[in-house]
Amino acid sequence: MIKVAFFDTKAYDKPSFERYGEERGLQFRFLETKLNEDTVELARGCDAVCVFVNDTVNAAVIDKLYAYGVRLIALRSAGYNNVDVQAAFGKVHVVHVPAYSPYAVAEHTMALLLTSVRRIHKAYNRTREFNFSLNGLTGFDFHGKTVGVIGTGKIGRIFIDICRGFGMKVIAYDRYPAQDSGIEYLTLDELFARSDVISLHCPLTPETRHMIDAAAIGKMKKGVVIVNTSRGGLIDAEALLEGIKARKIGAACLDVYEEEADIFFEDRSGHILNDELLARLISMPNVIVTSHQAFLTEEALSNIAETTVGNIVSCFENDGVCDNELCYRCGNIEHCKKERKEKCF
Ligand code: NAI
């Protein structure tokens, strides 16, 4: 039986992982703590670890996992910026869930935008107290506005379709533009200058970290709405706050935050928030924060569990391919994923 240490377990994880795990003969050790150098010991005796977006899987953690005999890191997420895939190469295989419901994330992106621009969150609170005033609730039409989409992969392209349904003009930037897609690609600077709404859908890499910084914000239209359902590190949050205070940014919708790891996913009401920057952002009338919930639909949870369990089983039972492996052999993970027909090492 394959033993799996399951870190950062949430109540919503268990039902689907227990169901698919039982079907495929996996034994899960559900742990509430996150994986990091202090907790890695808990993986002793397991064949694999299953981790989420805020577990820390750096070189030191990987070396310990390897020493304990753990041979697989199974991410139950699409993004893998929290795993040092290069350090894992040759020691511990790494797999992820490339797509579980890109619709969930794209739809949440539009939900955040509509909530913010049409002031739904304010109206909801008002009418609950029988306050039926419309003062301060004026929004703007999306129809005819320009949305700049950064990253036109699975989620970005579904979001583009949604925006087109609203009659928005779509422009985009991608490091690797999709050929024959009918998408109008521009440089980042052109996108910043022309967009009424900017939505981020690219991965967090050393190159994309803080791609939205003070210089980028300086190039944007006054009143621009920025939405980030990708990774917090794409935005320099201090620069974002300055842009909001200067009235340059009209609104910000954030499902992710660079320092979210010790904050999001937990009930912290009744506690003093230790992150002043986040507290300040949340206090702004034109900022909406959700705590990394864009993926959270029933369909996505079921797909995540089914794919992750399948990935784990394939890596141990099949000596040919490790399904959805993130390979570092040639140093270009995206390229490698397309070419590889066997295990990474
Ligand atoms: P994907 O791999 O299908 O698409 C990513 C796109 O970004 C690709 O087209 C790629 O060429 C592009 N890209 C790569 N480097 C770039 C750069 N330097 N500049 C601009 N574009 C670049 O990924 P998918 O499934 O669309 O997911 C996008 C991101 O969404 C993930 O990286 C993840 O961080 C985030 N995500 C967030 C979730 C949430 O719950 N908030 C859930 C799932 C994913």
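These notebook entries record what I looked up in a predicted model: a ligand site, a pocket and a disulfide.

**Entry 1. Ligand shell**

I began with the residues around the ligand and found 23 of them. The closest are Y100, K154, I155, D174 and T229. I then sorted this shell by class, which gave nine nonpolar, eight polar and six charged residues.

**Entry 2. Polar contacts of the ligand**

I next looked up individual atom pairs between protein and ligand. T229, listed among the closest residues, places a backbone N or O atom 2.9 Å from a nitrogen atom of the ligand. For S230 the contact comes from the side chain, where a polar atom lies 3.4 Å from an oxygen atom of the ligand. F295 contributes through its backbone, with an N or O atom 3.2 Å from an oxygen atom of the ligand. I also noted the burial: the ligand taken alone exposes 870 Å², and the protein buries 89% of that.

**Entry 3. Second largest pocket**

I turned to the second largest pocket, which holds about 400 Å³ of space. I counted 26 lining residues, and V53, N54, N81, E258 and A261 are the ones nearest the centre. By class, the lining comprises eight nonpolar, nine polar and nine charged residues.

Why does this pocket lie between domain 1 and domain 2? I checked the lining against the domain bounds, 2–100 + 298–317 for domain 1 and 102–289 for domain 2. Both domains give residues to the lining, so the pocket lies between them.

**Entry 4. Disulfide**

Finally, I searched for disulfides and obtained a count of one. The bond joins C315 to C322, with an S to S distance of 1.8 Å. I recorded 95° about the S-S bond, and the link of C315 and C322 is right-handed.

Technical notes:
Residues are numbered from 1 along each chain as its sequence is written. This is a predicted model: local features need pLDDT of at least 70, side-chain atom pairs count only at pLDDT 80 or more; totals for chains, interfaces and linings use all residues. Side-chain values use heavy atoms; hydrogens and water are left out. On a 1 Å grid over the protein atoms alone, a cavity is a set of points where a 1.4 Å probe fits but cannot get out, and a pocket is an open set with protein on both sides within 12 Å along at least five of seven lines; lining residues have an atom within 4 Å of a point. Grid points are joined across faces, edges and corners, and a volume is the space filled by probe spheres set on the points. Ala, Val, Leu, Ile, Met, Phe, Trp, Tyr, Cys and Pro count as nonpolar, Asp, Glu, Lys and Arg as charged, and the others, Gly among them, as polar. Domain bounds come from an automatic or database domain assignment. A residue is near a molecule or strand if one of its heavy atoms lies within 4 Å of it. A polar contact is a pair of N or O atoms within 3.5 Å; within protein, one must be able to donate a hydrogen and the other to accept it, and residues adjacent in sequence count only if both atoms are side-chain atoms. Accessible areas come from the Shrake-Rupley method with a 1.4 Å probe; for residues, only the protein chains shown count as cover. A disulfide is a pair of cysteine sulfur atoms within 2.5 Å.
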